[in-house]
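Me: Could we take a close look at a single part of this structure, namely how one pair of helices packs together? Please keep the answer connected and say how each term is defined.

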Amino acid sequence: MVKILNIVNGDMAITILKKAHINGDFLPWNDFLHEGPVPKTSSIHQLSEVRIQYINQQGFGVLEQIQEDFYKRDGMLNAYHKYEKIILWFEPDLYDQLQLLQVLSWFKINNREKIKLSLISIEEYLGECSIEEIIKLLRYEEDVTQKHLNVAHKAWLAFQESTPKAWFKLLNIDTSPLPFLKYSIQRMLEEFPNNKNGLSRSAHQALLTISKGTTQPRGIFNQCQNYEKYKFMGDILFWKILDEFIENKIIYSQKNGQILTITKLGERLLNGKIYYFHIKPINRWIGGTQLTNDNLWCWNIKRKSIEKYYYSSTLSSLLPFG
C-alpha cells in the first residue's frame, strides 16, 4: 500500500477523515495565520518560534504545549520523504488558504525528493461533510503542478512583506491554479483598518450587528458568520474583538457579558464620526506588516485599494500619506 501523508487545516478535519477511513497519516496545520505576525524568516522553524510566542501571548494555550504542537508539526513536515504521496486537503476560506500558501511554498523550496503532491481544494467544509461526502471528495484530487507552486510561493512571499503593496498587487495576476485564493487576498485586505472609521471588516460587522439589536455574544458571532462568503474566524478570536470593544467603552456589557449593547461612543465610531485609532492606538500585525499609528495602511472602501495614511490625533483626521 502507498504510504500517504494527509495535511489538513486542523484536528477537526482529521476526526472526520478518519471516520471516513481515509488512508494514511495525518498532519494538522493548526495555525490562524490571518492574525498576528508572519514576517519573512529563513526557515519554517524560525517562523514557528514567532507564531508560538504570539499565540502564547494571546492566552491561547500553555507555552510548553504550543511549542510541542508546532515542533511535532514541523518535524512531520521535514520528514516528508518517508511518504510516497502527500495529499493537501484545504477549504476555500482565508484561514485555510493562508495555510495552503505556506505549505505549498515550503514544498516548492524543500521537495528535493520529488514526492508526489496532490491537492483536494474544495468549497465544502470538511467538518460539515458526511462520511459519504468525504469519500466522494476524493474524485476532486488533482496533481500539484509547478503552476500551483509558483502562484503559492509568490503569494506567500507577498504576505510576509513589511507592507501590503505586494499582496494587493496579487489581485491583478492569474491565481487560477488556486481557485479560492483571489477572494482570500481581498478578504485579508479588508481586515486592514478601513478609511471610514479605522475598524477591520470583522470588527465593523460585529459593531454593526450589535447596533441592530443582536445582544447575545453567540448570536452576534453567528450573524457575523452570515456576512461572510466563506467563514474563516473561530469564536475564540471573535471574542477578542468584543472584549476590546468592552474595554474601550464601545459597547456595554451586562449580565456577566451575556448582554452587549452599543454605547454613544460606539455609535459615533460606527458612523465614522471618530476613528478607532483615536480611541485605541493600533498595534497589530497582518502578515509581515506591523500596523501602528505611525505605520498606517488602510483599506479604502470606495476605491477597493490598500493605501498608506497618516492619522493626526490633533485633528482627529485620517490623511493620505505623501
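Reply: What follows describes one helix pair and the contact between its members. This is a predicted model, in which local features need pLDDT of at least 70 and side-chain atom pairs count only at pLDDT 80 or more, while totals for chains, interfaces and linings use all residues. Residues are numbered from 1 along each chain as its sequence is written, and side-chain values use heavy atoms, with hydrogens and water left out.

The pair consists of helix 10, residues 217-226, and helix 11, residues 235-247; helices here are DSSP runs (H or I, at least four residues) numbered from the N terminus. Their axes lie 11 Å apart and the packing angle is about 110°, where axes are lines fitted to C-alpha atoms over the stretch in contact and angles run from 0 to 180 degrees between N-to-C directions. Helix 10 is therefore roughly perpendicular to helix 11, a term that covers angles of 65 to 115 degrees. The crossing of helix 10 with helix 11 is right-handed, meaning that the near helix is turned clockwise from the far one by less than a right angle.

On the side of helix 10, the contact (heavy atoms within 4.5 Å) is made by P217, R218, I220, F221 and C224, and helix 11 contributes D235, F238, W239 and L242. Of these contact residues, 7 are nonpolar, 2 are charged and none is polar, with Ala, Val, Leu, Ile, Met, Phe, Trp, Tyr, Cys and Pro counted as nonpolar, Asp, Glu, Lys and Arg as charged, and the others, Gly among them, as polar.

Elsewhere in the model, helix 4 (residues 94-110) lies across strand 1, strand 4 and strand 5, strands being DSSP runs of E with at least two residues.

Conventions:
Angles under 35 degrees count as roughly parallel, over 145 as roughly antiparallel, 65 to 115 as roughly perpendicular and the rest as oblique.
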